[in-house]
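Biologist: Hello! I have not met this structure before, so could you walk me through it with a few questions and answers?

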Amino acid sequence: PFSWWPQVSSDFTAQGFFRLNTASREVARQQSGVMRVNCIDCLDRTNVVQGVLARKVGASKGQGLG
């Protein structure tokens, strides 16, 4: 459904996300970059892209927790 996802998925995965072990106060995972979305051709489409990225982040964090 999202033809652009294959073009960015490897960068998305490589950049990771930040996670702090609150018990030990140690960094459990380091984030190495950010995803930036420029205005596409209308705000609705830009928001769709940002929404997809947010869901992917949520899924990745959920998998990372166990």
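Biologist: Thank you. Is Arg25 buried or exposed?

Modeller: Keep in mind that this is a predicted model. A residue counts as exposed when its relative accessible area is over 50%. Arg25 has a relative accessibility of 61%, so Arg25 is exposed.

Biologist: Where along the chain is Arg25 placed, and what is its phi?

Modeller: Arg25 sits in the loop between strand E1 (19-21) and strand E2 (26-29). Arg25 is not a glycine, yet its phi is positive, at about 60°.

Biologist: In what order do the elements of the chain run?

Modeller: The chain has two helices and two strands. Reading from the N terminus on, their order is α-β-β-α.

Biologist: Let's turn to H1. Which residues of helix H1 are buried, and how are they arranged around its axis?

Modeller: Helix H1 covers residues 5-15, and its buried residues are Trp5, Phe12 and Gln15. Looking down the axis of H1, the buried residues fall within an arc of 90°, so they line one face of the helix.

Biologist: Which residues are exposed on the other side of H1, and which residue follows H1?

Modeller: On that other side, the exposed residues are Pro6, Gln7, Thr13 and Ala14. Just after H1 comes a residue with a positive phi, near 65°, and that residue is Gly16.

Biologist: How much space lies in the largest pocket, and which lining residues are the closest to its centre?

Modeller: The largest pocket holds about 280 Å³ of space. Its lining has 15 residues, and those closest to the centre are Phe12, Gly16, Phe17, Gln31 and Val57.

Biologist: Which helix gives the most to the lining of the largest pocket?

Modeller: H1 and helix H2 (43-65) each supply at least two residues of this lining. The top contribution is four residues, and it comes from H2.

Biologist: How many residues of that lining are nonpolar, polar and charged?

Modeller: Both helices just named take part in the lining. Divided by type, the lining residues of the largest pocket are seven nonpolar, six polar and two charged.

Biologist: And the chain as a whole: what is its radius of gyration?

Modeller: The C-alpha atoms fill a box of roughly 45 × 20 × 20 Å along the principal axes. Of the 66 residues, 12% count as buried. For a compact globule of 66 residues, the radius of gyration would be near 11 Å, whereas the chain has 14 Å.

Terms used: Residues are numbered from 1 along each chain as its sequence is written. This is a predicted model: local features need pLDDT of at least 70, side-chain atom pairs count only at pLDDT 80 or more; totals for chains, interfaces and linings use all residues. Side-chain values use heavy atoms; hydrogens and water are left out. Buried means under 20% relative accessible area, exposed over 50%, partly exposed in between (1.4 Å probe, protein chains only). The arc is that of the directions from the helix axis to the C-beta atoms. On a 1 Å grid over the protein atoms alone, a cavity is a set of points where a 1.4 Å probe fits but cannot get out, and a pocket is an open set with protein on both sides within 12 Å along at least five of seven lines; lining residues have an atom within 4 Å of a point. Grid points are joined across faces, edges and corners, and a volume is the space filled by probe spheres set on the points. Ala, Val, Leu, Ile, Met, Phe, Trp, Tyr, Cys and Pro count as nonpolar, Asp, Glu, Lys and Arg as charged, and the others, Gly among them, as polar. The radius of gyration is taken over C-alpha atoms; the globule rule is 2.2 Å times the number of residues to the power 0.38.
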